[in-house]
Amino acid sequence: PGTTRRSLYAVSYRRQVHVLLTRCLTVYWRSPSYNLIRVVIVVAFAIVFGSAYPTLQWTQADVFRLMSFAYTTSYYLGLTFIVSGLSVHIGERGVFNREVAGRMYAPWVYGLCYLVAELPYVTIITLLF
């Protein structure tokens, strides 16, 4: 008779998270140019969009303009971060495909670990903005 496995993966989810989170944190730590560019972009957006705020008053039309500036800024910052993040994540794509195909790690663990690794940088950049 064949052997049965309790899980699809060789190690527990906890161990997968530990290994992949360590790897993701290392990837972000070893790419300071990516993080520096994001900070520079945030400062540039803050200067460009912030230069429109001092001239506005508290009329209804100006409040709508402020809200549209906030929406536009968050949209363009998000879009810029996605495009700039491709350079970091495209290098990891082959590793991801190989390890998921070999059932070394669950795909959702990759997403979770990159999310957790990204949180400190997003928090700092948000406070900077």
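The following exchange concerns charged residues and their pairing in a predicted model.

Me: How do you know which values may be read from this model?
Reply: Because the model is predicted, local features need pLDDT (the predictor's confidence in each residue, from 0 to 100) of at least 70, side-chain atom pairs count only at pLDDT 80 or more, and totals for chains, interfaces and linings use all residues. Residues are numbered from 1 along each chain as its sequence is written, and side-chain values use heavy atoms, with hydrogens and water left out. The protein averages a pLDDT of 85, and 95% of the residues score at least 70.

Me: Why is the pair Arg23 and Glu99 called a salt bridge?
Reply: A salt bridge is a side-chain nitrogen of Lys or Arg within 4 Å of a carboxyl oxygen of Asp or Glu. For Arg23 and Glu99 the N to O distance is 2.9 Å, so the pair meets the rule. Arg23 lies in helix H1 and Glu99 in helix H4, so parts 76 residues apart in sequence are tied together.

Me: What makes Glu99 count as buried or exposed?
Reply: Buried means under 20% relative accessible area, exposed over 50%, and partly exposed in between (1.4 Å probe, protein chains only). Glu99 has 6% relative accessibility and therefore counts as buried, whereas Arg23, at 23%, counts as partly exposed.

Me: Why is no salt bridge assigned to Glu92?
Reply: The nearest side chain of opposite charge, Arg23, is 4.9 Å away, so the limit for a salt bridge is not met. Glu92 is nevertheless buried.

Key: Lys, Arg positive; Asp, Glu negative; His and termini not counted. Helix = DSSP H or I, 4+ residues; strand = E, 2+ residues; numbered from the N terminus.
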